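Reader: I would like to learn how to read a ligand site in a model. Could you take me through one?

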Amino acid sequence: LGNTWFYDPAYTQTAATSSAITEIDGENGILRYRGYPIEELAEKSSYLEVAYLLIFGELPTEDQFAEWVHDITYHTFIHENVRKRFLEGFHHDAHPMGMLVSAIAALSTFYPNAKEIDDEDNRYRQTVRLIAKMPTLAAACHRFSVGQPFVYPDNSLGFTANFLSMMWKIAEPRYDANYALAHALDTLFILHADHELNCGTATMRMIASSNSDPYSSAAGAAAALYGPRHGGANEAVIRMLNRIGSIDNVNSFVEGVKNGDEKLMGFGHRVYKNYDPRARIIKQTADEVFAVTGKNPLLDIALKLEEVALEDDYFKSRKLYPNVDFYSGLIYQAMGFPTEMFTVLFAIPRMSGWLAHWKELMEQDQKIARPRQLYVGAGERSFVELGDR
Ligand code: SDX
């Protein structure tokens, strides 16, 4: 029971029971959102359409999608006090993900009706606000962490192109390249949108089960994602590849991993005991990006690392394959994102998955999560006075 929640319906009613949102077949490397294979969604859909699918359970009609995009676009701005009073208050070298976690929580103080979670229309408004504001908050955290002025949303742009515009205020001529990058980033957003009951989503459901508001619940989920064993792995992969430095050093690095010196970051998964289907798609997307940005020089080391590991019994016997984080950082770095932004890029789309689980939990009308533990400590004993110890 060490790593699993002690589940006894009589006691726990945890927030981790059944769900109709995402299906993972770990042995066969299959991932579906509401029954649709991730490969089809990555190829044919967009992040906002997938966010709608995750939250409402069906692909939107044209009218539904137009209303959804209108509502999201209407809420991309953040309150000026979030910008001036809050984000600017951080230390100059604050980590953008630490800023983002705090900013998401702070939003709960700007929308008092966020606690009226029994009202379905109100839940919709909070859902739209959080999805819409994530790129604006993310870009603002980056701009403040590098000492650059805030860039307001340009609502004439699509969701992901608007984010790139807020990140870098792209000059017009680069928009063609920018749209190619926006399309690739939108695909990455689709791949990161939800993943069943991972650490961050379980945290979302746990906090939300107490009827806390969605901003506070999402801030907790983002805090879990901040961990290097979870969403922080893509940042750790780049640091690992930089430390390896050359394909000539790959074999000796792998021997170090097999000796237990360190983990092969971006490899392994609690559920996938096969190739993470997202990693396969991200690897294909890398070609699209590198055609615009030029190849990331670390790619050759990553490819060699994968080749060596997939042929090695240590990894094969433990069913360790590349996961979603192994190649994503290479793309983000080629696009110009600093490594400190990589987990922030994970959080932007994962917000729609967290909110889909929040909506499902609210509609399941579940009790508060209250996992139990098996007590394995000392048996009953009497108090001993300080002088007698
Ligand atoms: C994400 O849950 C989700 O869905 C998360 C996520 C999502 O979309 O939300 O998919 C995103 O978090 C992906 C994972 C990103 N993390 C990393 O890439 C960090 C490196 N990976 C490891 O920390 C590890 O693989 C975990 C934590 C991801 C999963 O570990 P498990 O399933 O708990 O496996 P384990 O710890 O029981 O390991 C089994 C064996 C052990 O060896 P032995 O004790 O049997 O000798 O495999 C070894 C481990 O030491 N092992 C690794 C390894 N991962 C596991 N050895 C080297 N390198 C690794 N990466």
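Author: The turns below go through the ligand site and then the annotated residues. Keep in mind that this is a predicted model.

Reader: Which residues come nearest to the ligand?

Author: Begin with the residues around the ligand, then pick out the nearest. Here 23 residues surround the ligand, and H195, L264, H269, R270 and R278 come nearest. By class, this shell holds 8 nonpolar, 7 polar and 8 charged residues.

Reader: Which side-chain N or O atoms lie by an oxygen atom of the ligand?

Author: A polar contact is a pair of N or O atoms within 3.5 Å. For R278, a side-chain N or O atom is 2.6 Å from a ligand oxygen. For R318, a polar side-chain atom lies 3.2 Å from an oxygen of the ligand. The backbone also takes part: a polar backbone atom of L264 is 2.8 Å from a nitrogen atom of the ligand.

Reader: How much of the ligand does the protein bury?

Author: Compare the ligand alone with the ligand in place. Alone it exposes 1,100 Å², and the protein buries 75% of that. The space that the ligand takes is the largest pocket.

Reader: Which residues does the "active site" annotation cover?

Author: An annotation comes from a record, here an unreviewed UniProt entry, which marks H269 and D325 as "active site". These residues span 57 positions in sequence, but their C-alpha atoms are no more than 10.4 Å apart, so they gather at one spot. Both H269 and D325 are included in the lining of the largest pocket.

Reader: Where in the fold is H269 found?

Author: Look for the elements on either side. H269 is in the loop between α12 (250-258) and α13 (277-293).

How values were computed. Residues numbered from 1 in each chain as written. Predicted model: local features only at pLDDT ≥ 70, side-chain atom pairs only at ≥ 80, totals over all residues. Heavy atoms only, no water. Near = heavy atom within 4 Å. Polar contact = N/O pair within 3.5 Å; in protein donor to acceptor, adjacent residues only side chain to side chain. Areas by Shrake-Rupley, 256 points an atom, 1.4 Å probe, with all protein chains shown as cover. 1 Å grid on protein atoms, 1.4 Å probe; cavity = no way out; pocket = protein on both sides within 12 Å on 5 of 7 lines; lining within 4 Å. Sits in = over half its atoms within 2 Å of the grid points. Nonpolar A, V, L, I, M, F, W, Y, C, P; charged D, E, K, R; others polar. UniProt positions renumbered as here; feature names shortened; annotations may be inferred. Helix = DSSP H or I, 4+ residues; strand = E, 2+ residues; numbered from the N terminus.
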